[in-house]
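Please find my notes on this model below. They cover aromatic contacts, charges over rings, and one sheet.

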Amino acid sequence: MSLADARRLALAAQGFDRPRPARTVSVRDVLRTIRQLGLIQLDYVNVLIPAHYQVVFSRLGPYDRTRLDEVVYRRRDCTEQWAHEASIVPVEHWPLLRHRRETHRVRPWGFERVLERQREYVSWVLDQVRARGPLTADDLPEPEGAVRRIGDRWGWSLAVRRQVLEAYFGYGRLAVATRLPNFQRAYDLAERIVPPRHHASRVDVDEAQRRLLLAAAGAHGVGTAADLADYYRMPMRVARPRLAELVEDGSLREVRVEGWREPAYAPDGARPAEIRAAALLSPFDPVVWYRPRAARLFAFDYRVEIFVPKEKRRWGYYVLPFLLGDRLVARVDLRADRPARRLLVQAAYAEHGVPPGDTAEALAAELRVLAGWLGLESVRVGRRGDLARRLASALRA
């Protein structure tokens, strides 16, 4: 398979092989997108918009964001789970992740010791949810007579009550009933959230792993063992034998991609002749979240620099790749200036070897669409980056 074929196959699998709906985006459109992707990673960095909302926008264009909330928290077609990190998954994936919940390791690492020391409090929290219905961490007191806050790997201070709820969520005893306007989770008993046929369903561990890898392959179009394993954070020692079984039974075929050292795997399907996408991608979009794959497919060296000190950042704080056709042609550092109702392009860079003129015009058009969707009235371009001047001119035009 040529590298160009692999790119087109990968983008088609991610929903970029069709135009955005010309009509109002429906709940069914949103649900179809989530099911095609298999999962959407949750991220609430709000420099622009929480990333999971943008993943849907990149494929469907402007839509009412409450449609996503409706699919997850009211219709219960999807639910929150640990999958590729904290994620939105189709509710039918609940049984496939049961073995993960049964071996869940609570966060932050070492919090098991707090759970052990505070057994009475931990049991009381679950009893409160059972009796009172959906609760947030703010609805509960902290435990008495013990450390009330714990550290986190990023240096944040986390409330014990919040982490107890999170532990029950990881174990599958609780599920997320809704999100408050401040994005805080409200938890309820999982059996009151997940439809009974999915909550009670049990799938053999090996079969669950095969089905997760098949879902990953469907969302990749073509991918190496490492690519597919990363999608649902599956250890390679587990993924490799399951992939061999899927090849043996004909569910996947092993292929060679031009320039890739490792063999790849693909489900049967037609290879699209072209991709006509134009979309800004969230830093947490499945197209780019596994950096080695982005480098292999697009020759795109990408790193999220949120946690990099300002003086050491190469591209910017919240940098989005720009997909045009079947290539990643530019990257822009964006911020929503909500008080001034402006979308700020703090830096704009063209990728090496990409004609900047066509890129600037297409990117300007997408920035206007994005700004309108965010309720912002204008787009302002800063001076940083080799694409900034052309982009500013295209926006003025």
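1. Rings of Phe, Tyr and Trp count as a pair if their centres lie within 6.5 Å. On that basis, Phe57, Tyr63 and Trp373 make up one aromatic cluster. Keep in mind that this is a predicted model.

2. How many aromatic pairs does the structure hold? The count is nine. One of them joins Tyr44 and Phe183. Their centres are 4.6 Å apart, and the planes meet at 40°. That makes the pair tilted, because stacked needs planes under 30 degrees apart and edge-to-face needs over 60.

3. Where do these two rings sit? Tyr44 is in the loop between β1 (40-41) and α3 (51-60). Phe183 is in the loop between β6 (174-179) and β7 (185-189). The pair therefore ties together parts that lie 139 residues apart in sequence. Tyr44 is partly exposed, at a relative accessible area of 22%. Phe183 is also partly exposed, at 27%.

4. Now the pair of Phe57 and Trp373. The ring centres are 4.5 Å apart and the planes stand at 15°, so this pair is stacked. It links distant parts of the chain. Phe57 belongs to helix α3, while Trp373 belongs to helix α15 (residues 356-373). The two are 316 residues apart.

5. Are Phe57 and Trp373 buried or exposed? Phe57 is buried, with a relative accessible area of 0%. Trp373 is buried too, at 9%. Both values fall under 20%, the cut-off for buried.

6. Two arginines deserve a look. The charged end of Arg185 sits over the ring of Phe169, at 4.5 Å from the ring centre. Arg331 lies over the face of Phe300, and here the distance to the ring centre is 4.1 Å.

7. Next, a sheet. Three strands form an open sheet in the order β8-β10-β9, and the pairing is antiparallel. Why is one side of β8 and of β9 left without a neighbour in the sheet? Strands β8 (223-224) and β9 (253-255) stand at the edges, and each has a single partner strand, so one side of each stays unpaired there.

8. Last, the contact between β8 and β10. Strand β10 covers residues 264-266. It pairs with β8 in the antiparallel sense, over two bridges. Across this pairing, Thr224 stands opposite Ala264 in β10.

How values were computed: Residues numbered from 1 in each chain as written. Predicted model: local features only at pLDDT ≥ 70, side-chain atom pairs only at ≥ 80, totals over all residues. Heavy atoms only, no water. Phe/Tyr/Trp six-rings, centres within 6.5 Å; stacked < 30°, edge-to-face > 60°. Helix = DSSP H or I, 4+ residues; strand = E, 2+ residues; numbered from the N terminus. Buried < 20%, exposed > 50% of the residue type's maximum accessible area, 1.4 Å probe, protein only. Lys NZ or Arg CZ within 6 Å of the ring centre and 35° of its normal. Pairing = 2+ DSSP bridges.
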